[in-house]
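Q: Hey, could you walk me through this protein model? I'm new to this.

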Amino acid sequence: RVEPCGLNQLYALRYGTIPIVNAIGGLKDTIIDVKSNGFGFQHHEVSINAVCDVIERAAQFYLHKKEFIKNAKSVMDIDHSWTHSASAYVKLYQTLIP
């Protein structure tokens with residue numbers, strides 16, 4: 001019910017596993033639903049029906065092999081390293097130096 005943002009969903013992406021997440025906290029920020037041109041599956045309430053529905057959507061997506069494999073390969077290329085964030089911080093800090 002509460003997830004500040006773990007790392008498991010990022011590990012899953014790195015290995016081509018399509019995550020199913022509750023759309024809260026950092027999970028909502030890091031996993032974009034496939035119905036929004038994303039690469040994972042979100043559900044928006046903690047209930048048996050919501051979880052079963054999202055698992056069913058994921059199972060149906062899996063049956064579309066070409067799309068599923070394309071998605072699995074593309075998620076492995078997502079860069080969640082600190083490279084981009086660190087660069088942005090450096091630029092920000094440089095603007096603060098007189």
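Here is a chat about a salt bridge, a helix pair and a core.

A: Sure! This is a predicted model, where local features need pLDDT of at least 70, side-chain atom pairs count only at pLDDT 80 or more, and totals for chains, interfaces and linings use all residues. Residues are numbered from 1 along each chain as its sequence is written, and side-chain values use heavy atoms, leaving out hydrogens and water.

Q: Cool. How many salt bridges are there in the whole structure?

A: One, counting a side-chain nitrogen of Lys or Arg within 4 Å of a carboxyl oxygen of Asp or Glu. Arg57 pairs with Asp33, and their closest N and O atoms are 2.6 Å apart.

Q: What does that pair tie together?

A: Arg57 is in helix α3 (residues 48–63) and Asp33 is in the loop between α2 (25–30) and β2 (41–43), so parts 24 residues apart in sequence get tied together. Helices (H or I, at least four residues) and strands (E, at least two) are DSSP runs, numbered from the N terminus.

Q: And is Asp33 buried or exposed?

A: Buried, with a relative accessible area of 5%. Arg57 is partly exposed, at 28%. The cut-offs are under 20% for buried, over 50% for exposed and partly exposed in between, using a 1.4 Å probe and protein chains only.

Q: New topic: which residues of α3 meet α4?

A: Phe61, Tyr62 and Leu63 in α3 meet Lys65, Glu67, Phe68 and Asn71 in α4, with contact meaning heavy atoms within 4.5 Å.

Q: Last one: what does Ile31 touch?

A: Its partners include Leu13, Phe39 and Phe41, not counting residues up to four places away in sequence.
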